[in-house]
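Please walk through the model below, strand by strand and then out to the surface.

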Amino acid sequence: MKNYLSSSQMTLRMFAADLLVLSSILSAAWCLSVLNVSVPKTLNSTSGSCLLIPCLFNISKEKENILDSSPGGTWRRGSLWSLYDTDGFTIAHRQKEPVMEVVGDLRQKNCTSVMRNLTSLHSDRYYFRIQAVNFSVTGTTAVHINVSESVAEPNVTVPVLREGEEVNLTCTVPAPCPSHPPNVTWAPALGGDVTQRTHLNADGTQSVSAILNFVPSVHHHELKVNCVSVLPLHRENRPLLSHKVVILNVEYPPKETWISLTGLVWLGDNVTLTCQSKANPPAVHRWFMKRAGVEEELSISRVLSFTAAHENTGEYICEAQNLYGAMNSTNLQITVLGISFTAFLSIWAVFLLFKFALVAILILMTYRRCKEPMRSETSQDQNVCVNVSASAVKNQQLQSKPCEDEDNCIINPEHTFKHDLPDEYTYGNC
């Protein structure tokens, strides 16, 4: 018996569920046939601000007469859909709804509304509902509203920038709350004029744009420019800011074209010439050589390489060219020296060796000249020593055998007293 009742209950519940689904489908179909609401799919706003909801509707001809009785309009949250018109819808639920105001003329089928004092808790799906005496209907088309704590990032439009051609940079931010539009500007202004405008978008929403009008130059290339949006809502005594930085890409013809070459050019050297230039878009480089008044094209490349020979002597020219113009470098004269660098080093080494040998010979000759006077002086000293030794011998003889007659005293030269003399006299040393 219990199993039978349980099966019956399950069958009844399934029937009730199917009936509810069917009634929902029929109700939606009926509402769609009676009230057709046109709103944006998604709208974004900031906590503490308000939100304008563009809204238009159509009502069936059978019910158009209610528009003459000044009907009212409101909005219902999708998350509370099952609680409306029931005892479960309490004051606490009512407080979760934002402050709504229909600003459109319902008699003209305009249901445009404004939500005020928004917080992030108000993010939800919302449905428009029209009410009159003994009649009310809710549209089935929802608008999804997102309320965030931050401000939306600006949308920047930058066209192709060419040097010398006037152009506009456009920075656009949404203005969800008409009573508190953002202030949009450019920094730096690049010496141009900034104009702020309010636009009505195709879906009925509004936006504010800052248009920077200026003339680009090569100095603006790769310059950072900042679009800044200031929302007049203060958080912690600071306004809400959003910004977006763009890097400018200015196109211009070649400038400052020149040829780089390092060192001298010797016969047989590997020579590399590089063409340097500033251009946007990058330039195509062509090489020319002028010799004996005749100019010939060598190659199309940024780098020119060759092994130095006598026929490479001449004037070299580099041409840089892009879509906007061309520029030639100054002529670079290259003269290939008659000998190779290795031979030059060998000659230079021989020259240095000869120079060092010559200096060594001069030093040696000078040394010998200075040494000869010293030897002469030594010989004279030896002669003096011999004379002194002889005098000492004579004096010794005189002292050993004194003469009675001093005036006629003759000393025998053959008689020597070498063994009586000191060693210094014996060996002839002074």
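Which residue in β18 is the bridge partner of arginine 162? The model is a predicted one, and in it the partner of arginine 162 is glutamate 251. That residue pair belongs to the parallel pairing of strand β11, residues 161-162, with strand β18, residues 250-260. The two strands are joined over 2 bridges.

Strand β18 also pairs with strand β20, which covers residues 270-280. Here the sense is antiparallel, and the pairing runs over 5 bridges. One position to look at is tryptophan 258, which stands opposite glutamine 276 in β20. Strand β18 thus has a parallel pairing with β11 and an antiparallel pairing with β20.

Another part of the model holds an open sheet of 3 strands, in the order β3-β7-β6, with antiparallel pairing. Its edge strands are β3, residues 51-53, and β6, residues 99-102, each of which pairs on one side only. On average, neighbouring strands of this sheet are turned by 20 degrees against each other, with direction ignored. Strand β7 spans residues 113-116 and pairs with β3 over 3 bridges in the antiparallel sense. Within that pairing, leucine 52 has valine 114 in β7 as its bridge partner.

On the other edge of the sheet, methionine 100 is a residue of strand β6. What does methionine 100 touch, once residues up to four places away in sequence are not counted? Its contacts are Ile53, Trp75, Val114 and Met115. Val114, the bridge partner of leucine 52, is therefore also one of the residues that methionine 100 touches, contact being defined as heavy atoms within 4.5 Å. The C-alpha atoms of methionine 100 and cysteine 50 are separated by 9.9 Å, while the two residues are 50 residues apart along the chain.

Is methionine 100 buried, partly exposed or exposed? Its relative accessibility is 24%. Buried would require under 20% and exposed over 50%, so methionine 100 counts as partly exposed.

The same cut-offs can be applied to a residue in a helix. Phenylalanine 354 lies in helix α3, residues 341-400. Its relative accessible area is 57%, and because the limit for exposed is over 50%, phenylalanine 354 is exposed. Phenylalanine 354 also takes part in a nonpolar surface patch, together with Leu358, Ile361, Leu362 and Met365. The patch has an area of about 510 Å².

How values were computed
Residues numbered from 1 in each chain as written. Predicted model: local features only at pLDDT ≥ 70, side-chain atom pairs only at ≥ 80, totals over all residues. Heavy atoms only, no water. Pairing = 2+ DSSP bridges. Helix = DSSP H or I, 4+ residues; strand = E, 2+ residues; numbered from the N terminus. Axes fitted to C-alpha atoms, helices over the stretch in contact; angles between N-to-C directions. Patch = residues over 30% accessible without salt bridge, like charges linked within 9 Å, V, L, I, M, F, W, Y side chains within 5 Å. Areas by Shrake-Rupley, 256 points an atom, 1.4 Å probe, with all protein chains shown as cover. Salt bridge = Lys/Arg side-chain N within 4 Å of Asp/Glu carboxyl O. Buried < 20%, exposed > 50% of the residue type's maximum accessible area, 1.4 Å probe, protein only.
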